[in-house]
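Colleague: I have just opened this one and would like to talk it through. Could you take me from the whole chain down to some packing details?

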Amino acid sequence: MILFDYEPEEMTNLYKNRFLLNLEHLTETRNPILLRDELEIEAITKIIERGAYLWKVRSYTRWFQRWFFVDVNGHQFGYHRSGLRRAMCVVKSRVLVDFSDIVDVRKGWRSDVFNQIAKEVEGKPRSSVDVDENTCFTVVVGGSNRNRTFDLVAKTPEECDTWVRGLKHLIHMSKTQEKSEQFDRWLMKMFRSADDNKDGGLSFDECLSLLKQMNVKLRKSYARKLFNQANSLTRSSDREQVLDENEFVAFYHLLMSRPEINTLFSRYADEDDELSSEGLSQFFYRELRCTKHADDCLELIREYEPSDLKHKDEPKMSVIGFTNLLLSEEFQLCESKHLAEVYQDMTQPLSHYFIASSHNTYLTGNQLSGESTVEGYINALTKGCRCVELDCWDGPKGEPMVYHGFTLTTKIMFHDILTDAILPYAFKVSDYPVILSLEVHCSAEQQARMAHHLTTILGELLYLQPVDDLTQLPSPEQLKRKIIIKAKKLKTQLCKPMRMSKAEDINDGQDDEESSQSEPDSDNEADEEPVQADGTISSTVVKKQQVPVECHLSDLVNICQAVHFHGLHYSKMHGKCFHMSSFAENKAKKLISNDLDGFIDYNRRQLSRIYPGGKRADSSNFNPIQFWNAGCQIVALNYQGKESPCFYNEAKFKTNGNCGYILKPSYLRDQTSYSLNDRPAWSPKVLRLQLISGQHIPKPDNSTDGEIVDPYIKVKVIGMECDQREFKTNDIHDNGLNPVWNETFEFPVFYPDLAMLNLAVKDNSNTGVNELLGAYAVPFTSLREGYCHCPLLNEQRQPLSPATLFMHVSITE
C-alpha cells in the first residue's frame, strides 16, 4: 500500500528546521523560552489551519485519503469527504466536529482500530510494514453513550506531532473560554446548521424557522421588530434582508430577557441601574449568607462585565454582567469546591468509602453480542471509575483475551487493555487507587502470561505489599497511584468452612465446599446462559468450571482476595479485612432484607462488590441506592447504560473532586445503636427549593423537529426510604426559551449523607408520553445554597449547553 501519492507544495521543507527563531529579537522583559513556546504554538496552529492530506483509517485494508483542517474561529476540526482540498471542494461536503465534542487526542496505536492493525502487522518483516506507528494519531469524539474515533495517519512523525500538539492546544483554549463566549459559539453553530445554501445569511423566515427548532415561539410582529434592530447589513437591493452570523447572535441576545434576574439585580443596583462593588457585596451577604470583600467584588466585576463599565474609575456591573456571574461555576447548583477538589478525609480504611465501579467494562453494547473495546476502559477511567472488570479467557498464540464468555461478544487482548487504557489513563483524572477486578477463566499458562503483562507493563504501579496479619485495609491516601489486583489467591492449606444454618445461608443451596487450592469468587458461582446460533439464550445451564490459580498471578493479589461468601456470622468470626466477596444483585437484596444491620457491619470491615444479575442481557442496571444505603462499597454498573442508575452513579462520584472515592457516613463506618430501617433520633434537615425559571430548554433528544415543548419539572429525592419524595411543577405552554414556574417545595431529609436531589425536565405531551428534555442530579451534601443555575444533561450524562434551570436553595435544621 502506498501511503501518500502526492507531494503538496505547502509541505516542501515545512517540517525541516521548523520554527527556528531569531532569539536576538527577543526583548529582555520576556522569558525567551516562554516566548518561543508561544510562537511555536502560533506557527503550529497556522499549519493545521491551512490543512493537509491525512489517511483516515477504518481497518488494515480500508484507508481513505482526506483533506483535514481546523477552523480556529469556528472552533471546529474537520475534513472534506471527497478528499479534495478546500479550494476544490463545496462546503456541503465537509464533516465538522466542534472542539467541545473532542474528548481526547492520542498519538500512536492507542485505539481499537489501530490495535487491530497492530495484530495484522505483528511478525511481519519491518520492511514490508507500510505504516509507522509514529505517524499515527487518534481524535476521540464524544456525543453519545460511546465514543467514536478518527484514526489518522500523517506523512511523517513530525507532521503527526504537529497535529497532535496543535489540536490539544486549540481544544484546551476552546474549553477554557468564558460561558458567554461558549454560548455565542453555540448560537453560531445553530446558525450554520440552518444555513442550507451556505451563503452566510438567514432571511426573516429562515430565522423564524430556526427559532422554532430551538424551541422559541414569538409573535411575528415582535420577531420582525427585533430582526430589523439586529440587521445592520443589506446584501443588495434586489433581495430581502438577511442576518449574518454575528447579527443573528445579536438578534438572539435581544430575545433573552430575564425578568427574574432583572428584579433581583434592581434590589442592589444604584440609581443609574448599575451595580457597584458595595452593592454586589450586599447581594452576597443578604442572599447567599457569605461575605465578599470590596476587592473580591471588583475582581468579579472585571471578570464578568463585558462592557466599558468595568473600566470606569469605580468599576460597575450591568445586568448583563450580573447574569454572566449567576451563570458562572461559582453559582452552580452543585458546590463548585466539591467538584473541583478532594475535600473529604482520605486517610480512613478502604472499606469506609464508596468506590466508583464498572461492570463488564469492555462492553459498549449488550451482554450477548456487543462489541468489546479498549475504549470502554478509557471511557470509564476518564469518568473517574476506580474499579474496572476484566473477564479473561484463553486466546490464540498464548495471549489471554477479554470478552463475555459463552456469548457472541467480540474479543480484545488483555495486553492491549493494559498498554492502551490502564497504564496511560489509570491516574489521568484521579491519583487514588484503581482496582482491576479479574474474572479468570484462563489455563495456568495464560494466567502466567497475564502475570507477566501486569508486572512488565504496570511495573511499580502495582501494589504488592503482603497482607501478613493486616487488621484493617490501608487508606486511599496510602494507596495513591497504586493499582490493586482483585482475584483469587492460593492458600497455604485447605480449611473446611463452617456449615451455615438455612436462615443464614443465602447462596441458594450452592455447595460451600472448596474445590481447588483457592477460594471461589462469588462472581464465578453464577451460572452462564450460553447463546445459541440464532442469538437466543439456551435453556441449558452450564456451570462455570473452577479454574486452579496459577502461582505467579496469585502472588499479585493481596488486599482484594476474592473469596466465597459463607454468611454474615462466618465472616464476622473468620473473615479478614482483605477478603472480598461479590454478590449478584438478588443475593445482595436478600442480605439487606434479612439482616440489614449485619450487612452494614460486614461492610465496615470488608469490601463487597455488587454486580448486575445474569438476566440483564441488555446491559441494563439495578438501582444502586439500596446498596449504597447498606454500605456496599463497589456497586458495579454497566457504564454504557442510559438509565437513571448511571445518572445517580455519575452524580454521586463527580463530587469530592471526581476522585472516585466518597467517604461513607459515620453511621455506616462506626457501630451504632439503632437500625437504619428506623428514623434516627436527631432532627432532619429541611430543604426549601424554589424553582424559578428555565433557559433554552431543548426538544426531546435535542431534536430540531416537532412542536414547541410544554416543560415541567419533576423533583425527586432519593436515598433512605423515609427521605424519598416526589413533586411536580405545572407545565408552561409553548415555551422552551424562558419558562417561568416560580414554585416552591419544602421537605425534611433525615439522612442527608445518603440523599440525592434529582431534577428532570419533561414535556407535557398530548401523546401521553412525557419525554425527558434534560436532567440533573446532585448529592444533598453538595447542594449550594442561595441563587444558582443548574446545567441540564441528556440521557448520556452529557451537557445540553446552554440549557439551565434557575432556582433558590435554602437548608435549615
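**Talking through the chain**

Modeller: Among contacts in the protein chain between residues at least 6 apart in sequence, 69% join residues at least 24 apart. Please keep in mind that this is a predicted model.

Colleague: Okay, and how many helices and strands are there in the protein chain?

Modeller: The protein chain has 21 helices and 28 strands.

Colleague: What share of the residues is buried, and how much area does the chain expose?

Modeller: Of the 813 residues in the protein chain, 56% are buried, while the exposed area comes to about 36400 Å², with carbon and sulfur atoms supplying 48% of it.

Colleague: Let's switch to helix packing. At what angle do α5 and α7 cross?

Modeller: The axes of α5, which covers residues 204–213, and α7, which covers residues 245–255, cross at roughly 55° and come within 13 Å. The two helices are therefore oblique to each other, since an angle of that kind falls outside the ranges for roughly parallel, antiparallel or perpendicular, and the crossing of α5 and α7 is right-handed.

Colleague: Which residues meet there, in α5 and in α7?

Modeller: From α5 there are C207, L210 and L211, and they meet F248, F251, Y252 and L255 in α7. By class, this contact of α5 with α7 has 7 nonpolar residues, with no polar and no charged ones.

Colleague: And α13 with α14, how are they oriented to each other?

Modeller: Helix α13 (residues 375–382) and helix α14 (residues 414–425) pack at an angle of about 10°, and their axes are 9 Å apart. They are therefore roughly parallel to each other, as angles under 35 degrees count as such.

Colleague: What does the contact of α13 with α14 look like by class?

Modeller: In α13, Y377, I378, L381 and T382 meet I417, D420, A421, I422 and Y425 of α14. By class, that contact of α13 with α14 has 7 nonpolar, 1 polar and 1 charged residues.

Colleague: New topic: is L462 buried or exposed, and where does it sit?

Modeller: L462 lies in the loop between α15 (444–458) and β15 (483–487). It is buried, because its relative accessible area is 4%, and buried means under 20%.

Colleague: Which residues is L462 in contact with, leaving aside neighbours within four places in sequence?

Modeller: With those neighbours set aside, L462 is in contact with L454, T455, K482, I483, I485 and L556. The C-alpha atoms of L462 and V557 are separated by 9.9 Å, although these two residues are 95 residues apart along the chain.

Note on methods:
Residues numbered from 1 in each chain as written. Predicted model: local features only at pLDDT ≥ 70, side-chain atom pairs only at ≥ 80, totals over all residues. Heavy atoms only, no water. Axes fitted to C-alpha atoms, helices over the stretch in contact; angles between N-to-C directions. Helix = DSSP H or I, 4+ residues; strand = E, 2+ residues; numbered from the N terminus. Parallel < 35°, antiparallel > 145°, perpendicular 65-115°, else oblique. Left-handed = near helix turned anticlockwise from the far one by under 90°. Contact = heavy atoms within 4.5 Å. Nonpolar A, V, L, I, M, F, W, Y, C, P; charged D, E, K, R; others polar. Buried < 20%, exposed > 50% of the residue type's maximum accessible area, 1.4 Å probe, protein only. Areas by Shrake-Rupley, 256 points an atom, 1.4 Å probe, with all protein chains shown as cover.
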